[in-house]
Amino acid sequence: MESATPKYHLYDVREELKPQNLLEISSEQIDDHWNLYKGYVKQVNTLNEELLKLREAGEVSSLAYADRRRRYGFEYNGMVLHEYYFGNLKNNQNELESGDLLKAMAQSFGCYNTWKKDFEAAAKSRAIGWAILYADATTGALTNHFIAEHGNGNVAGFIPVLVLDVWEHAYMVDHLASGRGDYIAAFMKNINWDKAQERYDDVLRGKLTPRF
Ligand SMILES: [Fe+2]
C-alpha cells in the first residue's frame, strides 16, 4: 500500500534550551558547544534523509545503508544527550533541599554528599563521554553512570535525571585539557535542580518529561 508521506521526523535546534549567564562557564564556551550540538541535529536529519533515499532506491542491503545505520545511535545520542545537558543547566544557584529526588538519593546512596562524590567520580572517568544520573523507571532507584562517547553505557528504558557532558569540547574554551575538575565544579554550581526534580517526579508518575 502506498502511503502519502511516510518520510521521517525533521529535528530542530532547540534554541530555548541554550543556557545563559552561567557561573564560571563562559558564554564563549557555551556558544562553541552549542555549535557542536547544532551539528548533531543536522547529522540526524541528514542520516534520516539518506536512509530514506536508500530505502526508496531499494538499497537496504548496500554497504552505504549499513554504514549510515551504524552512525545512527552516535548521532541520535549526541543530539538527545546535549538537549538533556543544556536543559539541566541554569544560573539559578539552587540547592536540592527537599523532595523525592533528594529522598531517592538518600535511599540509593545514603545521602546527597555520597551521591555527589560518586557522580563527580563518574564524570572524572579517564575517557570522553558523559556522567548521567539515571533513574530506573521501574523501581525509581538512582544510579550514576559513565557513558563512553555517546552510546556505550546507556541503559535501555532508564530515564536521564541529570546529564553532564565531559567531552573535552565541553570545557576547552575555558580550561586546558587538565581542567576537567574545575569544569565539573562549575557545572555543579549551575544545576537546574527544578528540572532534575521534575524529571524524577515524572518517573514516579510513570511519565517521561519531554526534553523540550
Ligand atoms: Fe558536548
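Trainee: Which elements each supply at least two residues of the lining of the largest pocket?

Mentor: Good place to begin! Keep in mind that this is a predicted model. Helix α2, residues 63–87, and strand β3 each supply at least two residues of that lining. The largest share, 4 residues, comes from α2.

Trainee: How many residues line the largest pocket, and which lie nearest its centre?

Mentor: There are 14 lining residues, and V80, Y84, Y134, F158 and P160 lie nearest the centre. The space in this pocket is about 180 Å³.

Trainee: What classes of residue make up the lining of the largest pocket?

Mentor: Sorting a lining by class tells you what kind of side chains face the space. Tyr counts as nonpolar in this scheme, and Gly counts as polar. Here the lining has 10 nonpolar, 3 polar and 1 charged residues.

Trainee: Where does the largest pocket lie with respect to domain 1 and domain 2?

Mentor: Ask which domains contribute to the lining. Domain 1 (26–87) and domain 2 (100–204) both give residues to it, so the largest pocket lies between them.

Trainee: Let's turn to the metal. Which residues are the protein donors of the iron ion?

Mentor: For a metal site, look for the atoms that point at the ion. The protein donors of the iron ion are H33, H82 and H169, each through NE2, and D165 through OD. These donors lie 1.9 to 2.1 Å from the ion.

Trainee: What is the geometry of the iron site?

Mentor: Geometry is read from the angles among the donor atoms. Four donors count as tetrahedral if all angles lie between 85 and 135 degrees. The angles among the 4 donor atoms here are 89 to 134 degrees, and the site is tetrahedral.

Trainee: What spacing do the donors of the iron ion follow along the chain?

Mentor: The pattern is H-x48-H-x82-D-x3-H. Take one pair from it: H33 sits in helix α1 (residues 27–56) and D165 in strand β3 (residues 159–165), 132 residues apart, so this pair links distant parts of the chain.

Trainee: Are H33 and D165 buried or exposed?

Mentor: Both H33 and D165 are buried. The cut-off for that word is under 20% relative accessible area, while exposed means over 50%.

Trainee: Let me practise with Y40, then. Is Y40 buried or exposed?

Mentor: Y40 has 11% relative accessibility, so it counts as buried. This residue is in helix α1. Its C-alpha is 9.0 Å from that of F74, although the two are 34 residues apart in sequence.

Trainee: And what about R69 in helix α2?

Mentor: R69 has a relative accessible area of 40%, so it is partly exposed. R69 and D136 are 67 residues apart in sequence, and their C-alpha atoms are 28 Å apart in space. For another pair, try L204 and K42, which are 162 residues apart in sequence and 34 Å apart in space, C-alpha to C-alpha. L204 lies in helix α6 (residues 193–204) and is partly exposed, at 46% relative accessible area.

Trainee: One backbone question: what is the phi of N21?

Mentor: Phi is a backbone angle, and its sign is worth checking. For N21 the value is near 50 degrees, which is positive in a residue other than glycine. N21 is found in the segment before α1 and is exposed, with a relative accessible area of 66%.

Trainee: Where does E149 lie?

Mentor: E149 lies in the loop between β2 (142–148) and β3. Its phi is also positive, about 50 degrees, although E149 is not a glycine. At 40% relative accessibility, E149 counts as partly exposed.

How values were computed. Residues are numbered from 1 along each chain as its sequence is written. This is a predicted model: local features need pLDDT of at least 70, side-chain atom pairs count only at pLDDT 80 or more; totals for chains, interfaces and linings use all residues. Side-chain values use heavy atoms; hydrogens and water are left out. Donors are N, O and S atoms within 2.8 Å of the metal (3.2 Å for Na, K and Ca); water is not among the atoms, so sites may look incomplete. Four donors count as tetrahedral if all angles lie between 85 and 135 degrees; four count as square planar and six as octahedral if opposite donors are over 155 degrees apart and all others between 65 and 115; anything else is irregular. Buried means under 20% relative accessible area, exposed over 50%, partly exposed in between (1.4 Å probe, protein chains only). On a 1 Å grid over the protein atoms alone, a cavity is a set of points where a 1.4 Å probe fits but cannot get out, and a pocket is an open set with protein on both sides within 12 Å along at least five of seven lines; lining residues have an atom within 4 Å of a point. Grid points are joined across faces, edges and corners, and a volume is the space filled by probe spheres set on the points. Domain bounds come from an automatic or database domain assignment.
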